[in-house]
Amino acid sequence: MRVMTSSSGQEEAVTIRRSESADAQGIAGLVSPSALEAFGRVNVIQLLEKANLAVTVAGQQDEVLAHASFFDHPAGGVAGQDQWEAFLQQHFRAERCTPLNTLFLQLFVARPNFAAAGVKEIMRTVFNTLTELEFICLVIPGAGVPDPALEELFGPLQRRTRPGPACSAFSCPRGALCPRLHIRPARVEDHDDIMRVFEEQNPQEPFGAVEPGFLQLIETQDEERHAAVCESDGVAVGFISVSTDVDVKLLQDFELRELDGLYKPVEDDQTAAEPGPEEGGGVQRCDSQQQDTQPPGLEWDGSNAFCIHFILTDKKHETRSIDFIPYLFRLFPDRDFCFISVPPLSLEFPFLQSFFRAPPRLALSAPPCQLYIVHRSVLSSRVEVRPAVAADRPGVSELVTRLRLKESLLQDLDRFYGTRRDPDGVPVQAFVVQVDSQVVGLLILRDEQDVDFLRAHYNLENFIYFSHHRYEEHAQILLFILQPSFQHFSKHLFKEVLRLAHKSCLYHRGYPAHHSHQNSFIHHLDFVLHCAVPVRPRRQIIYPLEELGINAPPRRITEQQAQFALSLISRKLTLEPKVTINARIVVVGASDTGLSFLEVLCFCPHLRFNNLTLISTHGFPSDGNQEEAGFLSTSHAYSSRVLAQLPLLFRINVVTGKMVAIDRKSKHVLVSGGGKVAYDHLILCTGLQYQVPCPPGAVLSRSGSRPAPSNLLTLNDLHDCTAARRWLRDNFTELEENAIVYGNGVDVFTSVETLLGLGIQGRRIHLVLTPLQPSVFHLGDAAIETALAAALEKVGVQVHQNCLLTQMNDGEEDPDPLTAVSFSTDSEPVRLRCGVFLNLSNRGVDHDAFRSISGCFLVFDNRLVVDASFHTCDDAILGAGPLTKFSRYYHADEWSHANFSSTEVGQELAAMFLSLLDPSQAPVGRPSPGEDRLIPLYTQAKVQGGKLPGGLNYLHVSKPAATNQTPRVNELSHRVFVTGRVETGNYFSLHLDHYELVEELTCLSVKPLPVSNYLSLYGKHQQLLGQLSSCYHQGLIQDLYSFFGRSCFLAVYLDRFCDLEEELQQITSSEVTDEATSILRQDRFKEAETRAALRGSAVKYLSYNRNLLPMFANPVQL
């Protein structure tokens, strides 16, 4: 917020921000005749969509006071967007204007009394934001002149040709508003100015150190140590201290091989360089076998770097702190690299914009700081992005010489030179990045052929308006290579490629490991992800395609493709800055809670998390599918298909292993195998696991000191289920021994069905049910339980009720393998022969997790104790999910995270976490007295599904409920709708709450269930579901499956229906203006205006989503 003074002397508190689509109406209202004369008629929405940068000055009520849009090419059609540089330099004296340092003003509007002040504030903000920008040009067709407010800043460019083109050109240089700072050696008399800047900063300077000895740094300067200040109006406003006294061997924790380890290489003619790391679409991985910083095949001639020890700049001039860089490299003409180390909890400050971050060499390495490096090439002004030509092949060959796939890459380039098309015949374009006549980067793109598919399956419209982008303006990145030293040119590269290729959107597809052959070649992937925004996948409607026939969506939308994570680079995103967060965030447990937490963080478009780590026993759960593996029920949250659409694998480090200890003092987690993972924030969400049963007197150790019997299989995750399936096929299915399934809840029934599906006869299966615990979710429907008992009896499965394990192998000391097990029951004990024992009992906290938690003295009361904001007794450690319970301080023992949707808990944890780390969010205040004793209650549905005996597909969706809540009273029959029977495989039960919202549904069907569609029903009012209540009670609904399968419900299943709901609620509630009319009137919907507004919103919704809802009539066609 700053104060702007109008021409009449009026002062106004304003905010200068990036323009939003909501500003369009206000901007259009400011277009004056003089603006029309200078800029012509403009489509404001189109302008905002295609502008590289659009800036708005907003008043206190967020009204638009001034606006400016900037492009990377001139408007008016005076020159092609890919030819403007030659045009401008041919006809005007503009030889210093290049695509790297120039933008064009294509629209400026303002309230008359704020025009002069508004344009100055906008231009100053743009120059401060874009440090590489030197000129803002204005090209006006004809002999027009700029507005008087612009004329004050924009001077005419001198013509070279007469009469020349029919246009006028003007330029505003940086020096007019934001001149470069003067850099000189520091002197003792600068000390007072430096201390003033130091005291104006936060209590701790940017690196968290105490007050440095400025005088000592200044007085001890020599050839190896220098100190400098930056001056503004003769006053020192910044200070920097550098030195060549560094030992780069101390940087071996970082990946520096492509930078020659920061040494000066001397090429050996006898040896060739080893292939370096390369990217095939995954996260950058480092070879754990290579511990030497110096690449082989080279001789060394000392360090090639100098180090920044300290930097300080006042807030007003911090964006110009980069003016230090040219001065520093002049001090050390024999050094090519400059580096600086930054604590992980520090945000990236403007000085680091030209630096690139060196990644750690290994996932388990724990460098105490972040290393930022800049190469001398940042000083070059001869940076060119241009279409590739055949003469570039030697330069490209040298660029890829260290990459193992260099031959394949060169073949792709040769194919471009030959046909300009890919093997499928799709047009491709290639561009090179040239710095000082050296090729340092290559980008190949192809026209995007699946634009409609991308729009239907990903939320692209969160970032772009499709109607303003032609199909031919979309392209896919096939190949991207850029030397690490030139990472700071990445955004410029993409901006230039979009301009030269006449594209507006670039897409990167990231495929999972089992589809890695489809990945683009990206080196380095971090460079692309830093410039791109991740695009969320959309929940898909499951269409009855055969019934819809010609009314179904086009095949190009509904056909199945290999799933991928999508990232987008558009014109208006090329200059969008991101906040870099280097805090080391470690998540323990690949549970629904942990994955949901990571998902939210990875999908923040304006944030870049550099140090997200997931510790998981079996690595990232992307291979395989729980529904296919069987045994365990599923929450339908993170299937392999869903995980493939998320960018988690490309944005997080995965450490395979179990947490075995937590060191709170040194802040690291000890992982099985001896590895250490350092953290600044530790998130514990390991969930609950089935534990190895330990009969009374048995010597089995849950800690693993004595392994469980080889045929005792405890199933907790997809890896366990896949291994169990393999073991059973190899060691059990062909035998005649018994299979014991021990436990209770849905999992035991899905496991029995899996055994039957493997060909194991029912007579060999014994289902041993333990006494049901309140915390264990059961089937929840007496009709289903009765039918399941009959189905099990029909196939010969023997069921034993209320049993507890008492002996293994009749009490042998080492029961391996298990041959017999004994159980106590309500009557006589039961002894069973055993060939395999599937354990699904005793769900609790994993023993290693318990030892880690209790060993570091976190409060543990049967579960990890947390407060309402997820914090444990250590502020750096948070807990979430079923692992936790609320502190007894809240007197709410009946509620815990286990009572809610784990996905929602993870989302809320991420929201709380972002309020601490995201500088764009206002800090959350402390709760008021009384509120600090309340626990949060979440609203999303709990979901459980699986396949039950008899081949029945099961789905249960219910609202969260307390552990000891009294079961629903069945006398409210008018809110319970049931059709079909379990025995016939078409059972459907649906419950409404007292607001007539769907609060629970249970499906049991022999046919596959459209799960995504049915999950959309939760929380919907029965009136939105075709007057469900009245139709059911009138006997019009005989089968809920058929009822909800009608095409009219497809609009409800669409993921954007919730937006329509909100809009309709606003319309219907807008009439309630006072307390006297707060009760809904029965005749309100009869009012013409309300009905027209509701109808208009519905028609707009159907028209906007017509690509997915073509089965609805278009009002234009009626």
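Two strands count as paired when DSSP finds at least two bridges between them. With that in mind, I should like to begin with strand β14 of this predicted model, where F310 is the bridge partner of S241.

S241 brings us to strand β11, residues 235–243, which runs antiparallel to β14 and is joined to β14 by six bridges. A second partner of β14 is strand β15, residues 337–342; here the pairing is parallel and extends over three bridges. In this pairing, F306 stands opposite C338 of β15. Between β14 and β15 the chain passes through helix α9, residues 324–331, and the resulting β-α-β crossover is right-handed. How many of the nine residues of strand β14 are buried? The number is eight, so the strand, which spans residues 305–313, is largely enclosed by the rest of the structure.

Before going further, a word on confidence. The average pLDDT of the protein is 87, and 91% of the residues score at least 70. Over residues 269–298, however, the pLDDT is below 50, although this stretch has 77 contacts in the model beyond near neighbours in sequence. Residues 1073–1082 also have a pLDDT below 50, and that stretch has five such contacts. Where pLDDT is low, the predicted coordinates should not be read in detail.

I turn next to strand β20, residues 438–447, and to V440 within this strand. Is V440 buried or exposed? Its relative accessible area is 0%, and V440 is therefore buried, the limit being under 20%. Setting aside residues up to four places away in sequence, V440 touches L399, V433, V435, I481, L482, Q483 and F486. From E121, V440 is separated by 319 residues in sequence and by 37 Å in space, C-alpha to C-alpha.

Just ahead in our path is the loop between β19, residues 428–435, and β20, which holds S437. With a relative accessible area of 64%, S437 is exposed. S437 has a positive phi of about 70° although it is not a glycine. A second residue with a positive phi is F631, also not a glycine, where the value is near 70°. F631 lies in the loop between α18, residues 626–629, and α19, and at 0% relative accessibility F631 counts as buried.

Two peptide bonds also deserve mention. The bond from R162 to P163 is cis, with omega near 0°, and P163 belongs to the loop between β7 and β8. The bond from H523 to H524 is cis as well, with omega near 10°; H524 is placed in the loop between β23 and α14. As background, most residues other than glycine have a negative phi, and most peptide bonds are trans.

Let us now consider the cavities. The model contains five cavities of 30 Å³ or more. The second largest has a volume of about 60 Å³. Which helices each supply at least two residues of its lining? They are α19, residues 640–644, and α20, residues 648–651. Among the lining residues are G510, Y511, P512, F620 and S622, together with L643, A644 and L649.

My final stop is S822, in strand β41, residues 820–824. S822 has a relative accessible area of 10% and is buried. Apart from neighbours within four places in sequence, its contacts include L804, L805, T806 and Q807, as well as D810, V830 and R831.

Thank you for your attention.

Terms used:
Residues are numbered from 1 along each chain as its sequence is written. This is a predicted model: local features need pLDDT of at least 70, side-chain atom pairs count only at pLDDT 80 or more; totals for chains, interfaces and linings use all residues. Side-chain values use heavy atoms; hydrogens and water are left out. Helices (H or I, at least four residues) and strands (E, at least two) are DSSP runs, numbered from the N terminus. Buried means under 20% relative accessible area, exposed over 50%, partly exposed in between (1.4 Å probe, protein chains only). Contact means heavy atoms within 4.5 Å. pLDDT is the predictor's confidence in each residue, from 0 to 100. A crossover is right-handed if, with the strands pointing away from the viewer, the path from the first strand over the helix to the second runs clockwise. On a 1 Å grid over the protein atoms alone, a cavity is a set of points where a 1.4 Å probe fits but cannot get out, and a pocket is an open set with protein on both sides within 12 Å along at least five of seven lines; lining residues have an atom within 4 Å of a point. Grid points are joined across faces, edges and corners, and a volume is the space filled by probe spheres set on the points.
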